[in-house]
Structures are given as C-alpha cells and as structure tokens.
Amino acid sequence: MEMKEITQERIEALRAGHKVLAEFHYEPRPVERGYAGKTLYVNVSTNTIGAKPVDERMKRTFIGGRGFDLWLLWNAVKSDTRWDSPENEIVIASGPLGGIVQYPGTGKSIAVTISPLTGIPVDSNVGGYFGPLLKFSGFDALEVQGIADREVIVFIDGNAGLVQIMEAPEESVNSHILAEEIVALFGQTPQEKQGVSSVSSGVGAEHTLIGCLNFSFYDPRRKLTRLKQAGRGGIGTVLRKKKIKALVVKYVGVKGDSNHPTDLETIQQVGAKMHREIYERDPIMFTMRLDGTNHLTKIMNDYDILPVHNFRYGSHPEAEKIYSPHFQKYFVYDAPDGCWYGCTLACAKFAAGLELRTGPYKGQTVTVDGPEYETVAGIGANCGIWDAHAVLEANFYCDAYGIDTISFGTAMAFAMECYEEGILTPEITGGLKLNFGNADAMLEALHQMSRGEGFGVIIGQGVRRMKQIFVERYGADPQFLQDIGMEAKGLEYSEYVTKESLAQQGGYGLANKGPQHDEAWLIFMDAVNNQIPTFEDKAEALHYFPMWRTWFGLNGLCKLPWNDVEPADNRTRYKGIEAAKVPEHVENYVRLFRAMTGRDDVQSGADLIRMSEAVYNFQRIFNLKMGSGTREHDAIPYRSVGPVTDAEYESRAERYDQQLRELVGVDPSGMTTAEKRQALRRYREAQYEKLIDAVYKRRGWNERGIPTLEKVRELGIDFPEVVALIEAHTQKGT
Amino acid sequence: MIRVNNKWEIEWQPGMTIRDLLVACKFTHHYVAVSVNGRLVPAEEYDTWLVADRDEVQVIHIIAGG
Ligand code: SF4
C-alpha cells in the first residue's frame, strides 16, 4: 500500500528478531467438496497449537464461515467473557464455496469476536486472500485465543504443513507497512508473494475501541500489497490486545479445482453465464467496475438518504464535491480490480498518487484501496467535509492505523454535533475546533488516536462511551445525547438516513451485531417504491433478506454479485419483492452449493434460507448468553426515527406536517414546532414497537425477542446450553 | 392527478410523458421499472408514452444499496 521498497537489510533485521515460541506440524491434505475438514486452534497465552475435526453435524448445522466462527467462539467463551479476556477469540473462516475461481465474489473471509463496543459477537465480512488460502492450507477456520506476553506473528505454511507462533519485535504495527514486510519476508517470487496473505491492524486500534482488521493480497501488476478491511465492531482492537502483529498464511498453488467439488462442470457453466451477464449488464446498471460502491453517494443525496451533519439531514447542496468523478482522478484503471481471483464485478478500486498533507507520513505519495460509499458518506457528508482529498487521506490513515472508517465517521459526526451544541468546548477538546466541515480537526483527531493522546482517544471509544463521558464529566443532557447518538447495541450506525423508512429502522435495530446495513437494506423498497406497505410486508422482508444475506457469510461469499447486477429479464419475469430477490441468481447459488458439496437435498432457495435461519437464531441466542439479545437491546436512537430538533423538523416541515395530518390525524396549524415534533415522535416510536412485534412473530420469537424452544428444535440448534438459556429467560419473564 | 407508488399525488399536465413524470417526482435514479395501470412501459418509450389523468403509476427503483 505504500510505494517505498523494503530493503534487504530491513528484511534481515526483521528475521533476526524472530524466535519460534511454538510449532505444529501437520500433513497437508486436499480440500474435499469445499471443506478442509479441520479447524486450527492457536493460543498465544500458552503457546499451544492444535487441529480440531469438523464433523458432519457441524457442517449440516453451521455450514461454514460465520456459522463455524460462531460455534467455535460459543464454545470458547463464558457469559462473563469480555472483549479483553484471554479466552475471547478472533475466529476467521472462509466457507464451502470460498475460493472458487470460476464464479465472482468467492474470496471473502468472515471474522468474529466478542466486540469491545458491544460485548456481544460481531461478524465482519472482508476481501483479501486470507480465508481461501487458509482453507487450501487445510483449515476451514482459525481460532486464536489468549493474550501474548510479547509481540508475535502466527504463521501458517499450508504447503509445508507447518504452523508457528513467533516472536516478532521488529515488524511495524501499521498495516500499510507491515503487510509489505510480511510479503517480503515470506514470499520470494511474484507467485509466492501472491500466495501470502496477512491479517493485521495498527496503532490506532491500540488506543481506541474501533480498531479494524486489514486483510491483504498481493497485486503482482502494481507490485504491492493491498488491504481490505473487516471494519465493524473493533476486531482490530482485540487483535492488538492479544499483542498479535499479524496472522499470516502462505499457500502457493491455487487451481481451478482446489476445492475438489463434486461437479466442477456445473460450477464452470454457472460461472460463465454470470461473467457474461456482468460484462453486458454492469455498464448499464450500477457501473461497479468503473465506480465501485461510491456511485451511491449521488443517489443517496438525491433521495434525501445521505447522512449529513450527524444524520440530521439527508442531503446537502455541496455533496456533489464528493461524488464519484472527484475520486475517479485517483483511480488506476489498468486492470480489472477484484479482491479474489475471478471476480469480474471487480468493484475494488485502487487510488494512487495521493500526496499526504498531514500526519507522520506527510509528504509521501501513497496508494489506498477505495474509498467505499460508507467512507465517503461517513467521513465526508456526515461530518460536512466536502473535500475528496481529505476523505481519501482519512481513508488511508484509518486503514494504516487500523481504524474502522464507519465507526470513525459516525463517532466524529456525533462529537462535531456536541461541539456545535456547546456540550463540548475548545477547553474540553484540547483546542480541536470540531465544527462540521473542519477537515484539519478531523484528521488531527485521527492522528491523536494513533498516538494515544488528546480528545481523539475519547472519540475513539465510540458513541456509547462518549455519551456516558459527556454526561458524567461535562453535565450533558442524557436524553438529548441518547436521541442524537447514532449507535445501537453499542455499535455506530453505518451511513444511511432511515427517518422515512420504518423497515430500515428495523433493519438496523434488529441486526444481530448492531446497526450495519449488511443484514437488510430496504430503504428504497420501503420508502420510495412503497412495495412493503403493511407491518406484515415489512416483517416478511425483515425475515427473508437478513436470512438470505446471512447465507453469503456462511459460504465465504460476497453479496455484491447477487443484486448489484441483475439479469435483463429479472423485472419482467418477476414482480414485487420477488424481483428484488433476483431468483435467477438465487438459483445459481443453489446449483453452486450442490455442485460443490454434493448435497442433493438442497433443491431450492428455501433450503438456503433454512441454513441461515439456524445460524441467525443461534447468533441471537449467543447475544442472550452474553447478557443482551432481548427487546430492550433492539431499541434505537430517535435520530434514526424522526427529527430530534426544531431545525430538523423545519427543514422538512411540509413533509412532516402532511404526515401529522394524514397519518397521525392531528392538525398542525397553530402548533409550535416543538409540539409538532412531539406528536410525530409519539406516532413514530409506536410504529417502531409495532414493527418489532411483527418481526418477532415472523421470526418465531416471543414478545421479548427470544427464539422459542419450538423454533430452536425445528432448526436443529437445541443444544443443551441453548435450551437451558431459553428456559431460564422464559421462566424469568423479565 | 396521477398517483405514484400508491403514495404520492402528482398534478397531471396535458402532454405529460413518463419522463416528465419522473422529473416531477424528482426521481433521478437512471435505472427504474415503470408500469402504468399494471402495464410495464419499455424504457425506450419514457420520452413518448403519454400518461393520462388519474393513471396509477408504479416506479420501481432498481438499486442494490449496501
Ligand atoms: S464484487 Fe467487489 S467486494 Fe465483492 S468480491 Fe468482487 S471485487 Fe471483491
């Protein structure tokens, strides 16, 4: 990611510091029907390493990926395990379809841990080569437990059948340099370098709770490593707590049939059809190959959904300054950019020639992957920073320091609103003038996170802890902070304004890990297309789509090739929300799964949904185990439901007045803005509660949001500990 | 009056095309599926298809999002 060469002298110095603390030899065996059949266990406290078998029940119940992660983590932690307890683990897995090279979007890894932000499991889906290379090395998942007493690297050599924990005192911590060092250390030829992937974080993760993981892959054309982020939930913070500099896998020799599928020919056929569709349809649909996800910024601004000034508003006249064209000048288009072999949707954008204006690398010209829509919306629009260079520079530093751009953007926007409201003063912030739009202050706070000093460290604790600190230390009004603090379950919101979409309010509030959009993205279907008008319609969508999207994480897949391109006849063949499911692509996945695993009992999309349902419900019960997972934890801040302040109400007064008349049955004339806000609030908050009731019912949960015993038996997740938990909570009735 | 997505009412104008209606609704997204009284309108006809007063129009935005 950084252009500077690593000298031979530096490599020798790094090597000289390595001391093997533990070693494990195994016999590498080929993957069969998408499964390696074993998982790898590493404990950096005790320096022990071992392999665990994957049995048939584990495959049938948890499928792989996020399912395997959660099962292994469940068995490793107790209900009082905290994120920084030694028994907390980081678990990383691909999935049975992971590593296919004939179909787009198959290189994802899914990382899970007990989150420092939420205290419950967080899952994060990420590109880079780590997951597939881990599987081809012989392991369906890697679980890392313990806290090392010195800086270490965990190294897996999948060709040699060797796993080592090694002391690594000399390597850099910041990912953009460390990932280059790792490739230089473990790969000699370009082919070998492509076979090396690392997972690392950065110094920012050490001083905040919003640390991300960077997953690397080597780009042979540009001769450098690139980074993809498992951003959400502070997994990078856990990695650095464990004193792990990097998890490294090396496997050379990925082939078209490395998964040894049951039926390679079908996989090739389905893949060829999909590639053709992408080439024909992407240029007229969403231009993912040209713009990546940032094409969304303009659309969200046009439809009043782009978060502006801490989610107060949904659009801004200056938003044009951060639309795709302003980033395209940095993008390098010399080759299709996929984050795993064979991804023709190729949305990974590579920005080069970025000259840094601030921070420890000031003056250097660097490269960075991205920016994604979420980064542009969070750091740009939500903080009122209409400056593409500043957004890209913050993107680079977030990645380098190991900080999640989404939590960073949302937390910064919250701090900025508190500053503008007078809750924070320059005395409190150490002189940082945190007005919306102040790019210099935003970048300085980010650098403070890396140095572990100043007010930036407070922002890096996330919105939930900031609320507490501002109330306790600075006398802020707790209700106001609760209303404007965009977090739920302790996780910062990702970047969509949900005020006009009740279904998306539920999509965020009911998400297992906290408000991330990867479970459900229903804003247009709900608020614009009006395709799910009733509570039952919304509940059905909030059942189907989260389950369907979960399935990608079970299989090591990327969701983008599912619905970021559609067959030409999708909208004529299918109506309503059936079309939104993209049935032809669902059928592709049914065929891929069967062809890979040989499971002939899998016949339809409903069979895939059932797989997800088991894991999804298990994760909900995992939340219960950790002291969450009930109705009160599905509460959301009022800023995501409706206008908190008079200014917000007045900015869309015509819309809100009309809703008071038509939906609430109140005549707004003669009412003050505050009275109108209150009337609207009562109505909208009641709507949210009714939505929750409908969704719980559809999902087979009781009114407190706990899956029923009947449901867990039906799904085959009625393990004794699960049953005992449900019984204890149901009897308590609290 | 034209009812759009069973949600908004747009003033009908003589000679109003689908394209005019999309502009009136501020629907800028380039990829939509439009039906008038349940009949799908081919995208090539948005500039020529005339909407009648009291038509029921559905504009489905095809967008994947996050
Ligand atoms: S669509 Fe984009 S994110 Fe998904 S696998 Fe392909 S390149 Fe990676």
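The exercises below walk through two sheets, a pocket, a cavity, a ligand shell and two backbone details of one predicted model.

In this predicted model, local features need pLDDT of at least 70 and side-chain atom pairs count only at pLDDT 80 or more, while totals for chains, interfaces and linings use all residues. Residues are numbered from 1 along each chain as its sequence is written, chains are lettered from A and ligands numbered from 1 in the order in which they are written, and side-chain values use heavy atoms, with hydrogens and water left out.

**Exercise 1. Trace the open sheet of seven strands in chain A, and find the bridge partner of A:Val199.**

Step 1. Helices (H or I, at least four residues) and strands (E, at least two) are DSSP runs numbered from the N terminus, and two strands pair if DSSP finds at least two bridges between them. On that basis the strand order is β1-β9-β8-β13-β10-β11-β12 in chain A, with mixed pairing.

Step 2. The edges are β1 (19-25) and β12 (224-230) of chain A, each of which pairs on one side only. From one strand to the next the twist averages 20°, where axes are lines fitted to C-alpha atoms (for helices over the stretch in contact) and angles run from 0 to 180 degrees between N-to-C directions.

Step 3. Within this sheet, β10 (residues 196-200) and β13 (residues 244-250) of chain A run antiparallel and are joined by four bridges. The partner of A:Val199 in β13(A) is A:Leu247.

**Exercise 2. Do the same for the open sheet of five strands in chain B, ending with the bridge partner of B:Val4.**

Step 1. The order here is β2-β1-β5-β3-β4 of chain B, again with mixed pairing. Its edge strands, β2 and β4 (39-41) of chain B, each pair on one side only, and the twist averages 30° from one strand to the next.

Step 2. Strand β1 (residues 2-4) of chain B runs parallel to β5(B), and two bridges join them. In β5(B), B:Val4 has B:Val57 as its bridge partner.

**Exercise 3. Describe the lining of the largest pocket, and explain why it lies between two domains of chain A.**

Step 1. The search uses a 1 Å grid over the protein atoms alone: a cavity is a set of points where a 1.4 Å probe fits but cannot get out, a pocket is an open set with protein on both sides within 12 Å along at least five of seven lines, and lining residues have an atom within 4 Å of a point. Grid points are joined across faces, edges and corners, and a volume is the space filled by probe spheres set on the points; for the largest pocket this is about 1800 Å³.

Step 2. Of its 46 lining residues, A:Glu500, A:Arg655, A:Gln659, B:Lys7 and B:Trp8 lie nearest the centre. The greatest contribution, eight residues, comes from α30(A).

Step 3. Both domain 2 (286-492) and domain 3 (502-565 + 600-732) of chain A give residues to the lining, so the largest pocket lies between them; the domain bounds come from an automatic or database domain assignment.

**Exercise 4. Characterise the second largest cavity.**

Step 1. The whole structure holds six cavities of 30 Å³ or more, and the second largest encloses about 230 Å³.

Step 2. Its lining has 20 residues, with A:Met525, A:Asn563, A:Ala580, B:Ile63 and B:Ala64 nearest the centre. The largest share, three residues, comes from α22(A).

**Exercise 5. Identify residues that surround the ligand, and locate two backbone details.**

Step 1. Among the residues around the ligand are A:Lys108, A:Asp337, A:Cys339, A:Cys343, A:Cys347 and A:Cys558, a residue being near if one of its heavy atoms lies within 4 Å.

Step 2. The peptide bond from A:Gly370 to A:Pro371 is cis, with omega near 10°, and A:Pro371 lies in the loop between β15 (365-369) and α13 (373-380) of chain A.

Step 3. A:Lys223 has a positive phi of about 55° although it is not a glycine, and it lies in the loop between β11 (213-219) and β12 of chain A.
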